[in-house]
Amino acid sequence: GNYIMMGGGVKGGQIVGTYPKGLKEGSPLNIGRGRMIPTNSWEAVFLPLAEWAGVDEADFGYVCPNKSNFKANHFFDRDKLFKSTPTRRHLRNEKQTNLLLQFPDH
């Protein structure tokens with residue numbers, strides 16, 4: 001689908017991915033009733049978000065199980081989307097940090 005990201009750490013004012021050449025009915029990415037086929041997967045956006053949030057690279061396959069279906073250049077660069085990497089002081093408390101970054105064994 002189409003995604004909008006907001007927040008203090010987001011580098012705003014940009015469209016990432018491929019903007020459709022046409023939005024009218026019958027254009028290649030328009031499937032009718034206001035629905036557009038995305039040019040990038042959900043993982044293309046979520047993987048750099050997970051990286052920014054501190055998920056270990058070893059857990060990327062768990063966070064984005066379809067990651068292996070795409071070439072490395074399919075994913076957006078974290079530094080293109082975010083101003084900086086959050087630190088623990090940006091999070092409310094250590095319990096929340098552990099909740100956000102802990103994954104079951106796989």
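The following exercises, each with a worked solution, concern a predicted model of a single protein chain.

**Exercise 1. Determine the order of the secondary structure elements, and state how confidence varies among them.**

Step 1. The chain contains four helices and two strands.

Step 2. Read from the N terminus, these elements follow the order β-β-α-α-α-α.

Step 3. The chain has a mean pLDDT of 79, and 77% of its residues reach 70 or more.

Step 4. By element, H2 has the highest mean pLDDT, 91, whereas helix H4 (residues 94-101) has the lowest, 43.

Step 5. The pLDDT falls below 50 over residues 89-103. In the model, this stretch has 12 contacts beyond near neighbours in sequence.

**Exercise 2. Characterise the chain as a whole by its burial, its accessible surface and the sequence range of its contacts.**

Step 1. The chain has 106 residues, of which 22% are buried.

Step 2. Its accessible surface comes to about 8,200 Å², with 52% belonging to carbon and sulfur atoms.

Step 3. Take the contacts between residues at least 6 apart in sequence: 64% of them join residues at least 24 apart.

**Exercise 3. Identify the residues of the largest nonpolar core and the elements that supply two or more of them.**

Step 1. Seven residues form this core: Leu47, Ala50, Val55, Phe60, Val63, Cys64 and Phe75.

Step 2. Two or more residues come from each of helix H1 (42-52) and helix H2 (60-63).

Step 3. A second core, separate from this one, has six residues, among them Val10, Ala44, Val45 and Phe76.

Step 4. Consider Phe75, a member of the largest core. With neighbours within four places in sequence left aside, phenylalanine 75 is in contact with Glu43, Ala44, Leu47, Lys67 and Phe70.

**Exercise 4. Establish which residues of H1 are buried and which helices they pack against.**

Step 1. The buried residues in H1 are Glu43, Ala44, Val45, Leu47, Pro48 and Ala50.

Step 2. These buried residues pack against H2 and H3.

Step 3. For the spacing of such residues, helix geometry is relevant: an α-helix has 3.6 residues a turn, so residues three or four places apart point the same way.

Step 4. Just after H1, glycine 54 adopts a positive phi of about 100°.

**Exercise 5. Decide whether histidine 74 is buried or exposed, and list its contacts beyond its sequence neighbours.**

Step 1. Histidine 74 is located in the loop between H2 and H3.

Step 2. Its relative accessibility is 17%; the limit for burial is under 20%, so histidine 74 counts as buried.

Step 3. Excluding neighbours within four places in sequence, histidine 74 is in contact with Asn40, Ser41 and Ala44.

**Exercise 6. Find the salt bridges of the model and show how they are joined.**

Step 1. The count of salt bridges is two.

Step 2. One of them pairs arginine 78 with glutamate 51, and the closest N and O atoms are 3.7 Å apart. Arginine 78 belongs to helix H3 (residues 78-81) and glutamate 51 to helix H1, so this pair ties together parts 27 residues apart in sequence.

Step 3. Arginine 78 also meets aspartate 79 in a salt bridge, with an N to O distance of 3.5 Å.

Step 4. Glutamate 51 counts as partly exposed at 31% relative accessibility, and aspartate 79 counts as partly exposed at 44%.

Step 5. Through shared partners, the salt bridges join Glu51, Arg78 and Asp79 into one network.

**Exercise 7. Describe the nonpolar surface patch that contains Tyr19, and examine its residues tyrosine 19 and leucine 23.**

Step 1. The patch consists of Ile15, Tyr19 and Leu23, which together have about 350 Å² of accessible area.

Step 2. Tyrosine 19 lies in the segment before strand S1 (30-32). With a relative accessible area of 51%, tyrosine 19 is exposed, because the threshold is over 50%.

Step 3. Leucine 23 also lies in the segment before S1. At 47% relative accessibility, leucine 23 counts as partly exposed.

Step 4. Leaving aside neighbours within four places in sequence, leucine 23 is in contact with Asn30 and Met36. Between leucine 23 and methionine 36 the C-alpha to C-alpha distance is 8.1 Å, and their separation in sequence is 13 residues.

Terms used. Residues are numbered from 1 along each chain as its sequence is written. This is a predicted model: local features need pLDDT of at least 70, side-chain atom pairs count only at pLDDT 80 or more; totals for chains, interfaces and linings use all residues. Side-chain values use heavy atoms; hydrogens and water are left out. A nonpolar core is a set of buried Ala, Val, Leu, Ile, Met, Phe, Trp, Tyr and Cys residues joined through side-chain atoms within 4.5 Å. Buried means under 20% relative accessible area, exposed over 50%, partly exposed in between (1.4 Å probe, protein chains only). Contact means heavy atoms within 4.5 Å. A salt bridge is a side-chain nitrogen of Lys or Arg within 4 Å of a carboxyl oxygen of Asp or Glu. Patches are made of residues with over 30% relative accessible area and no salt bridge: like charges are joined within 9 Å, nonpolar side chains (Val, Leu, Ile, Met, Phe, Trp, Tyr) within 5 Å. Accessible areas come from the Shrake-Rupley method with a 1.4 Å probe; for residues, only the protein chains shown count as cover. pLDDT is the predictor's confidence in each residue, from 0 to 100.
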